[in-house]
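Have the model open and ready to rotate. We'll start from a single side chain and work outward to the rest of the fold.

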Amino acid sequence: FTLRDKVLTGFLERLRVTPVSRVSLALGFILASSVTLVFQSCVLVICSLAFGLRVDPLGLIVLLALIVLIGITMAGVSYCLGLMTREGGVLASVINTYVLPLMILSGVMLPITFGPPVIRFLARFDPFYYAVDAARALIGGGPAVGTVPLAFVIFIATSIVALGLF
């Protein structure tokens, strides 16, 4: 079931009358999404190992913690928008309007250093830019002096905001 199906079939309404707190319900849905994201990330890393990726084990564990925070942020915002719009088409268009530019500005497809100055400037306002830099540092085992703590600070803050919205 998607969130839309849960809303339309009355699943959420039935859960709300149980003695479970609403905060617990919200955290359960959000953490389930984060666990899915961690699982998908592990599958990608395992597949990449077959192609010669070398991973710093401690860096990978720290990266998985960052991925949980990213999952909390994205799931919280997505569930909040889903409950507000209650229509899959509207939710998809809103999410796609923001996700594609954020993904391009994060440097996940091409390093931002290849882009023009305006792209390099705008990338500094994208929280995923810092997550991508941190992920590269953590996987490679290189120096992660300012990159990793900054990414954690940003995604702890965005997770708190996303949980507050939901």
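Ile 104 is partly exposed, with a relative accessible area of 45%; on this scale buried means under 20% relative accessible area, exposed means over 50%, and partly exposed is what lies in between (1.4 Å probe, protein chains only). You'll find Ile 104 in helix H5, which covers residues 88–106. Helices here are DSSP runs of H or I with at least four residues, strands are runs of E with at least two, and both are numbered from the N terminus.

A word on what you're looking at: this is a predicted model, where local features need pLDDT of at least 70 and side-chain atom pairs count only at pLDDT 80 or more, while totals for chains, interfaces and linings use all residues. Residues are numbered from 1 along each chain as its sequence is written, and side-chain values use heavy atoms, with hydrogens and water left out.

Back to Ile 104. Its C-alpha atom is separated by 8.7 Å from that of Ala 123, a residue 19 positions away along the chain. Ile 104 also helps make a nonpolar surface patch of about 720 Å², together with Leu 100, Met 103, Val 108, Met 109, Leu 110 and Phe 114. Such a patch takes residues with over 30% relative accessible area and no salt bridge, joining nonpolar side chains (Val, Leu, Ile, Met, Phe, Trp, Tyr) within 5 Å and like charges within 9 Å. A salt bridge, in turn, is a side-chain nitrogen of Lys or Arg within 4 Å of a carboxyl oxygen of Asp or Glu. The areas come from the Shrake-Rupley method with a 1.4 Å probe, and for residues only the protein chains shown count as cover.

Now zoom out. The chain has eight helices and zero strands, and buried residues make up 31% of its 166 residues.

Helix H8 is a good one to look down. It runs over residues 147–165, 19 residues in all, and reaches 27 Å from its first C-alpha to its last, close to the 27 Å expected (1.5 Å times one less than the number of residues). Buried in H8 are Val 148, Ala 151, Phe 152, Ile 154, Phe 155, Ser 159 and Ala 162. Seen down the axis, the buried residues of H8 fall within an arc of 165°, so they line one face of the helix; the arc is that of the directions from the helix axis to the C-beta atoms. On the face turned away from that buried side, H8 carries the exposed residues Val 153, Ile 160, Val 161 and Gly 164.
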